[in-house]
Amino acid sequence: MEEKKITIRRAVASDLDGVNYLLRQVLMVHHNGRPDLFKANVKKYTDEELLEIFKDDKRPIFVGVDENNQVMGYAFCVYQQELNHNVLTDVKTLYIDDICVDENARGMHVGKQIYEYVIDFAKKNDFYNVTLNVWNCNPPAMKFYESMGFVPYKVGMEVVL
C-alpha cells in the first residue's frame with residue numbers, strides 16, 4: 001500500500017470524536033483477544049477525562065491527521081521517572097500507554113510516522129528510552145513494534161485459575 005501523508009500534532013478538543021473512535025477499535029482488539037479480561041462496548045475514558053489528558057503536558061497525546069483533519073492514528077504517552085529509588089536509576093522514560101491506527105489506514109505507514117514522531121519528541125526532550133506494553137493476544141502489534149526496533153525488557157506472565 002502507498003504511504004498516507006499525515007500531519008502529527010498534539011491532540012485538541014476537536015479530535016475527541018476521532019480519538020474515541022480509535023479507542024473503541026483498540027478495545028475490541030483486546031476484547032476479542034482476551035474477553036476474560038476486557039469488556040466489550042465500554043469507554044476507557046469519559047470525554048471529560050480525555051479533554052483533561054489532552055491538556056496534560058506530562059501525558060501528551062499525539063494524533064496523526066489527514067488533509068481533512070481526520071484522526072488516522074494516535075499515541076498516548078506518559079512521562080515516567082523514578083527519582084532517588086533504592087534500586088533503579090533516575091532515567092526519564094517516555095511510556096507509550098496506547099497507540100492505534102485506524103483499521104482503514106493500516107498498511108499505509110501511519111503507525112510508523114506516529115512512532116517516528118514520538119521517538120523524535122523523546123530525543124528532543126532528553127528521555128533515556130521509550131517503552132510500551134503489548135498484549136500477547138495482539139500478534140500484529142507485536143510484529144509492528146519489533147519492526148520499529150522494540151525489544152522485550154521485561155515480560156509479564158500469568159496463570160489463569
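Select Y74 and then C100 in β4, which stands opposite Y74; strands here are DSSP runs of E of at least two residues, helices are runs of H or I of at least four, and both are numbered from the N terminus. The model is a predicted one, in which local features need pLDDT of at least 70 and side-chain atom pairs count only at pLDDT 80 or more, while totals for chains, interfaces and linings use all residues. Residues are numbered from 1 along each chain as its sequence is written, and side-chain values use heavy atoms, with hydrogens and water left out.

Widen the selection to the whole of β3 and β4, which run antiparallel and are joined by nine bridges, two strands being counted as paired if DSSP finds at least two bridges between them. Another position to pick along this pairing is Q80, which stands opposite T93 in β4.

Colour β4 (residues 92-101) by accessibility next: eight of its ten residues are buried, so the strand is largely enclosed by the rest of the structure. Buried means under 20% relative accessible area, exposed over 50%, and partly exposed in between, with a 1.4 Å probe and protein chains only.

From β4, move to β5, which runs parallel to β4 and is joined to β4 by four bridges; T93 stands opposite N129 in β5. Adding helix α3 (residues 110-124) to β4 and β5 completes a right-handed β-α-β unit, right-handed meaning that, with the strands pointing away from the viewer, the path from the first strand over the helix to the second runs clockwise.

Return to β3 and select strand β2 (residues 61-65), which pairs with β3 in the antiparallel sense over five bridges, with G73 in β3 as the bridge partner of G64. The hairpin of β2 and β3 has five residues between the strands, and there N69 takes a positive phi near 65°.

Now show the cysteines: the structure holds zero disulfides, a disulfide being a pair of cysteine sulfur atoms within 2.5 Å. For C77, which is in no disulfide, the nearest cysteine sulfur is that of C100, 14 Å away, and C77 is buried, with a relative accessible area of 2%. C137 is likewise in no disulfide, the sulfur of C100 being the nearest at 14 Å, but C137 is partly exposed, with a relative accessible area of 25%.
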